[in-house]
Amino acid sequence: MLNQNNRNTGSINHQSAFLLIIVAAVLFSVIDLSAQVTGGPGDLWAAKWKGDKKAALAITFDDGYLSQFENARPILNQFGLKASFYVMPDFLTDSLPGIWRYGTWAMFQAMSLEGHEIGSHSLTHPHMTELEAGDTLTPGTILYELYFSKAKIDNRITNQECITFAYPFAEHNRLVDSLTSLVYESARANGDTINPASPGFEQWYSLSAMEVIFDEPRNSPEDDLDELTELQNWIDSLISTGKWSTLLGHEVVPFDSIQNTPTRYPYSNEWFTGLCSWLKLKSDEQKLWIETLGNITKYIRERDSYSYEVLAADENSINLRLTDNLNDEIYNYPLTVFIKVPGNWNYALLLQGDRVDTLTAFTNDSGRVVLADIIPDGGEVSLYRMNITSVEDDVIANNFVLYQNYPNPFNPSTKIKFTIQTAGASLLKFAQLKVYDILGKEVATLINKQLTPGDYEVKFNAAGLPSGVYFYRLYAGEFSAIKKMLLLK
Ligand SMILES: [Zn+2]
């Protein structure tokens, strides 16, 4: 528009050019706002971070030590936290005793299967900035170190692809960065600066990481508490920026082994447990998304490159497609999106491929929405309005248990088990087990009578029903529980 104006008037003076820019800026901000407020059902936008949390943090460990498996792993798993482990393939062995303090392949394979990331820290931990660029055939060159460390990790860790790199000694320069970008999706260096929410190219290959430096003396666990407080303050400030960062650690050992641990600034088990329990709290409060560096990398790139198309939308269902221009073999991480739904929706069922999710609608500044996790290019997404008033998974009520049907998905029949327990006032309970379709319409009554406490199994035959998602709900006394099942014909 500005260009056309310029052509028509030939030349314009500075004052009117300034006015035009102001008008354009106002116009754009109005358009930008109205796009979110007046969007129709199916219109969507990505949350900055997974689950709409405020900021993101990756916990990373370097060098592939045995103590990471023995000590860091159980602490992380205790709090359900995932971390990234940067290993040098040439230093990992097939069995113990290993090389010096390094671990074995089996250890890092086990952690990979638990959802931790195994990234590359080069083959031999050289000073990368002192090497020649070289090529993938010449040992001792930058490209050889980058390429073969990934190849060897991919060969051993088969349930995930190695996509991120940590520079040995955190040393890198522009040449190292650009060669790293040929092999990896992102790379971590060092430093206490916070990473931008949308890194540019250079920032993707010089991601910062906070390393905790423990002051001497370290005679008792209390001596390390000031470093815990400092780190917590730093993470709180990270949360307030809405950005992300990473934490860099090496070994994790029992406190009384600290003095015998020759590697950089080991964490004690006690200290790391304190940190993880605090991080878990921040995560549960929806303030901090804690994920591997690889998954945060995937999320940001997907969030910054997606587009979508609403294929169909009416008052009961929405069909849409979410796509990006990224490599689907790597970029298949669920992206959290707000999706606009009609104003009278309370619950929605989401289907994508064989994934089924139940969502609760809520109202925010943009109107009625659901928060959904969608895999870009992971297939068409269908949302259905649900009329039922509550959906809960794995309900264990006071006096009965409703189990998941088996088989599931099923065709055409499946079995539903439940247990009525003796706890409660009356021994005889009035029980009802009903099946509903996706719109909440009752399609079958399987039980409708008084039952004594005990285990029950009911067969449900759906021969006359179409493929789709169904719900079964058990009422017993004043309690009820509901579960979903999938009929695939
Ligand atoms: Zn290192």
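A crossing of two helices is called left-handed if the near helix is turned anticlockwise from the far one by less than a right angle, and right-handed if clockwise. The model used in these exercises is predicted, so that local features need pLDDT of at least 70 and side-chain atom pairs count only at pLDDT 80 or more, while totals for chains, interfaces and linings use all residues. Residues are numbered from 1 along each chain as its sequence is written.

**Exercise 1. Describe how helix α3 packs against helix α9, giving the angle, the handedness and the residues that meet.**

Step 1. Helices (H or I, at least four residues) and strands (E, at least two) are DSSP runs, numbered from the N terminus. In that numbering α3 covers residues 66-78 and α9 covers residues 269-284.

Step 2. Two packed helices are described by the angle between their axes and the distance between the axes. Axes are lines fitted to C-alpha atoms, for helices over the stretch in contact, and angles run from 0 to 180 degrees between N-to-C directions. The axes of α3 and α9 come within 10 Å and cross at roughly 25°.

Step 3. Angles under 35 degrees count as roughly parallel, over 145 as roughly antiparallel, 65 to 115 as roughly perpendicular and the rest as oblique. The helices α3 and α9 are therefore roughly parallel to each other, and α3 passes α9 in a right-handed crossing.

Step 4. Residues count as in contact if their C-beta atoms, placed from the backbone, lie within 7 Å. On the α3 side the contact involves N71, A72, I75 and L76, which meet N269, F272, T273 and C276 of α9. Sorted by class (Ala, Val, Leu, Ile, Met, Phe, Trp, Tyr, Cys and Pro nonpolar; Asp, Glu, Lys and Arg charged; the others, Gly among them, polar), the contact of α3 with α9 has five nonpolar, three polar and no charged residues.

**Exercise 2. Carry out the analysis for α5 and α6.**

Step 1. Helix α5 spans residues 142-156 and helix α6 spans residues 174-183, and they pack at an angle of about 30° with their axes 10 Å apart. That angle makes α5 roughly parallel to α6.

Step 2. The crossing of α5 past α6 is right-handed. The contact is made by I142, L143, L146, Y147 and K150 of α5 together with V176, L179, T180 and V183 of α6; by class it has seven nonpolar, one polar and one charged residues.

**Exercise 3. Trace the open sheet of five strands from edge to edge.**

Step 1. Strands of a sheet pair through backbone hydrogen bonds, either parallel or antiparallel. Two strands pair if DSSP finds at least two bridges between them. The order here is β12-β13-β19-β15-β16, with antiparallel pairing.

Step 2. The edges are β12 (307-313) and β16 (355-360), each with a single partner strand, so one side of each is left without a neighbour in the sheet. Neighbouring strands are turned by 25° against each other on average, direction ignored.

Step 3. From the β12 edge, six bridges join β12 to β13 (residues 317-323), and A313 has I318 of β13 as its bridge partner. I318 also stands opposite L383 in β19, where β13 and β19 (residues 381-386) pair over four bridges.

Step 4. Strand β15 (residues 347-352) is joined to β19 by six bridges, and the partner of L349 in β19 is Y384.

**Exercise 4. Describe the open sheet of four strands.**

Step 1. Its order is β23-β22-β25-β26, and the pairing is antiparallel. Since β23 (442-451) and β26 (479-487) stand at the edges with a single partner strand each, one side of each is left without a neighbour in the sheet. The twist averages 15° from one strand to the next.

Step 2. Strand β22 (residues 429-436) is joined to β23 by eight bridges, with L433 opposite I447 in β23.

**Exercise 5. Locate the cis peptide bonds at P217 and P409, and the positive phi angles of S122 and G242.**

Step 1. A cis peptide bond with omega of about 0° joins E216 and P217, and P217 is found in the loop between β7 (210-211) and α8. The bond from N408 to P409 is also cis, with omega near 0°, and P409 lies in the loop between β20 (400-402) and β21 (413-420).

Step 2. S122, a residue other than glycine, has a positive phi near 80° and lies in the loop between β4 (117-120) and α5. G242 takes a positive phi of about 75° just after α8.

Conventions
Two residues are in contact if their C-beta atoms, placed from the backbone, lie within 7 Å.
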